[in-house]
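Welcome! Here are a few short exercises to work through with the structure open beside you. Try each task before reading its solution.

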Amino acid sequence: MVINTASAEDNIINRLQRDIGILCSPNYAGRDVPGVYGDITAIWLKDQFSKIGLQASTNDNDYFQNVPLISAKLDVDNTALEIISKGTNLKLKWGENMYFFPRNISSIEQTVQLAFANYGIALEGEDRDDFKGDFAGKAAVVLAGSGDLQPQKAGRFAMTAFKAVAARKAGCAMLIVVHKADGAEEWLPPNELEKIAASEKPLTDLADSDPEFPVIHIRYSAIAG
């Protein structure tokens, strides 16, 4: 058995730290894609591939691959959620009492029945499935958090992403998460509030991307009464 000992300069940890430091530096601006900084990053990666002798996968011995992308902005003025109950119409405006930020570029217009699903938690191997019953084709309305369930026991299943997975598995058309918060401005998690502030930034997507499963956030005080 032959074991090659690398010098400190070639140490994989040092190389990873160096490369991550370069790509995360202000000169690359977070590798913004598409854009100038995304192009700069691509050129840097090409140079690194070439230096280590990595063979290009394209026929013309280039490292680049053309990907058809489209770009669009969210039409916040025409993005809303309307709740109709017992002859009463309640329209929630985007960014104030309702928030939805898609990952895919597609128009979504649905009229569906609401179905309450408690906190939207489904624990495998436990006697807890908030999606028991008929949820097929409906909008599952759930409360944010884990409620009376200990956070340690709920774990990742109290996160919105896992509630969305459980809702899709139950055949729901969408998930509506209701947030209770005392602060008038801080009714959403900080990362989602940042997206509201950056709503003017264009979305980028593949040209043939499929519509996503809608996950809508609303403020509890806007619907309580």
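**Exercise 1.** Find out how strand β1 and strand β10 are joined, and in which orientation they run.

*Solution.* This is a predicted model. Start at β1, residues 69-72, and follow its bridges: four of them lead to β10. The two strands run antiparallel. For one pair across them, take Leu69, which stands opposite Leu206 in β10.

**Exercise 2.** Work out which side chains of β10 (residues 203-206) are buried.

*Solution.* Go along the strand and note the face to which each side chain points; they alternate. Leu203 and Asp205 point to one face, and these two are buried. Thr204 and Leu206 point to the other face and are not buried.

**Exercise 3.** Decide whether Asn104 counts as buried or exposed, and list its contacts.

*Solution.* First locate Asn104: it lies in the loop between β4 (98-99) and β5 (114-116). Next, compare its relative accessibility of 16% with the cut-off, under 20% for buried. Asn104 therefore counts as buried. Finally, leaving out residues up to four places away in sequence, Asn104 touches Asp205, Ser209, Asp210, Pro211 and Glu212.

**Exercise 4.** Trace the order of the five-stranded open sheet and find what packs on it.

*Solution.* The order is β4-β11-β9-β8-β5, with mixed pairing. At the edges are β4 and β5, each pairing on one side only. Inside, β9 (residues 174-179) and β11 (residues 215-219) run parallel, joined by five bridges. Within this pair, Val177 has His217 as its bridge partner in β11. Helix α4 (residues 160-169) packs on the sheet and touches β8 (139-143), β9 and β11. The direction of α4 makes about 140° with that of β9.

Technical notes
Residues are numbered from 1 along each chain as its sequence is written. This is a predicted model: local features need pLDDT of at least 70, side-chain atom pairs count only at pLDDT 80 or more; totals for chains, interfaces and linings use all residues. Side-chain values use heavy atoms; hydrogens and water are left out. Helices (H or I, at least four residues) and strands (E, at least two) are DSSP runs, numbered from the N terminus. Buried means under 20% relative accessible area, exposed over 50%, partly exposed in between (1.4 Å probe, protein chains only). Contact means heavy atoms within 4.5 Å. Two strands pair if DSSP finds at least two bridges between them. Axes are lines fitted to C-alpha atoms, for helices over the stretch in contact, and angles run from 0 to 180 degrees between N-to-C directions.
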